[in-house]
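Visitor: I should like a close look at a single part of this structure, set in the context of the whole chain. Please begin with the overall fold and then turn to the part itself.

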Amino acid sequence: MERGNHTVTEFILLGFSTDPVMQMILFVLFLGVYSLTLLGNTTLIILICNDSRLHTPMYFFIGNLSFLDLWYSSVYTPKILVTCISEDKSISFAGCLFQFFFSAGLAYSECYLLAAMAYDRYAAISNPLLYAQAMSRNLCLSLVMFSYTGGFVNAIILTSNTFTLDFCGDNIIDDFFCDVPPLIKLACDVRESYQSVLYFLLASNVITPTLLILASYLFIIAAILRIRSTQGRLKAFSTCSSHLISVTLYYGSILYIYSRPSSSYSLERDKMVSTFYTVLFPMLNPMIYSLRNKDVKEALRKLFKLTPSSI
């Protein structure tokens with residue numbers, strides 16, 4: 001990659017602050033969040049694998065979501081921790097490329113997986129007696145495989161187009177990881193074709209899954225309204241409340257950053273939003289899907305041999 005008369009071999013990640021005290025505070029905070037992310041998602045995966053009552057399509061998708069969140073957080077947080085305590089803020093060109101690729105692949109895969117989970121909730125509520133037949137093992141596996149394949153194929157398209165841009169000026173990334181907005185700021189000239197690629201990827205990986213989720217919830221609402229008892233309606237809606245919270249938080253932050261023209265990127269504001277969906281969101285997901293879930297609580301009690309009153 002040429003920049004002027006020499007080759008760009010590395011980028012400098014500015015992170016959040018240059019103040020040593022603040023960097024140490026951030027290190028402790030991010031270490032705590034990362035530890036909770038690893039603990040929460042790993043525990044949820046173990047519970048789903050070990051407890052036969054959780055061997056249902058819904059928990060199969062939740063387990064895959066936890067798997068994605070484990071790797072998604074691990075793409076960013078270890079480098080953030082190193083940047084906070086080390087004077088060396090550099091990341092190699094290859095390291096930036098691979099971080100960019102895996103973060104995009106995992107993020108896109110999660111978009112598709114959340115759409116598959118919305119369809120699963122529709123199948124469960126619209127016809128609960130035929131739920132097991134409608135969401136067969138082969139269908140669930142196919143939906144998950146499509147999520148991963150679609151996510152990483154589109155990540156290849158984004159990465160190849162981004163890292164063939166001509167970077168000029170400083171090689172300083174005003175962010176804590178390699179992402180589209182800060183890299184575009186370093187590009188000499190963002191071609192119109194590249195902007196078209198961004199809009200295509202936004203449409204295929206974010207807008208389309210969002211529309212599928214909205215359609216699923218319209219059918220879910222229609223199915224809930226056909227339930228006669230108020231208690232039955234509340235019980236049906238409660239089975240999708242966790243997924244609805246997860247979708248709102250994840251898609252809201254992604255659409256905020258990537259649905260705008262590149263000329264309107266604000267790195268300081270985007271940095272805070274990026275922190276939420278890259279670092280905090282993977283920690284929150286296990287809590288969202290387990291705190292009010294009786295099956296997960298019972299599986300946790302069984303795993304650690306706890307009394308019902310202790311969890």
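Guide: The protein chain contains 10 helices and five strands in this predicted model. Its radius of gyration is 21 Å, close to the 19 Å that the globule rule gives for 311 residues, so the chain is as compact as a globular protein of that length. Along the principal axes, the C-alpha atoms fill a box of roughly 70 × 45 × 30 Å. Of the 311 residues, 49% count as buried. Among contacts between residues at least 6 apart in sequence, 78% join residues at least 24 apart.

The unreviewed UniProt entry annotates several stretches as "transmembrane region", including residues 59-77 and 271-291. In the model, residues 59-77 are 100% helix and 0% strand, with the end C-alpha atoms 26 Å apart. Residues 271-291 are 95% helix and 0% strand, and there the end C-alpha atoms are 29 Å apart.

The part chosen for the close look is Asn293, which lies in the loop between helix H9 (267-290) and helix H10 (294-304). Asn293 has a relative accessible area of 15% and therefore counts as buried, the cut-off being under 20%. Leaving aside neighbours within four places in sequence, Asn293 is in contact with Met58 and Tyr59. Tyr59 belongs to the annotated stretch 59-77. A further reference point is Ser238, 55 residues from Asn293 along the chain, with 9.6 Å separating the C-alpha atoms of the two residues. Ser238 falls within another annotated stretch, residues 237-259.

Methods. Residues numbered from 1 in each chain as written. Predicted model: local features only at pLDDT ≥ 70, side-chain atom pairs only at ≥ 80, totals over all residues. Heavy atoms only, no water. UniProt positions renumbered as here; feature names shortened; annotations may be inferred. Helix = DSSP H or I, 4+ residues; strand = E, 2+ residues; numbered from the N terminus. Buried < 20%, exposed > 50% of the residue type's maximum accessible area, 1.4 Å probe, protein only. Contact = heavy atoms within 4.5 Å. Rg over C-alpha atoms; globule rule 2.2 N^0.38 Å.
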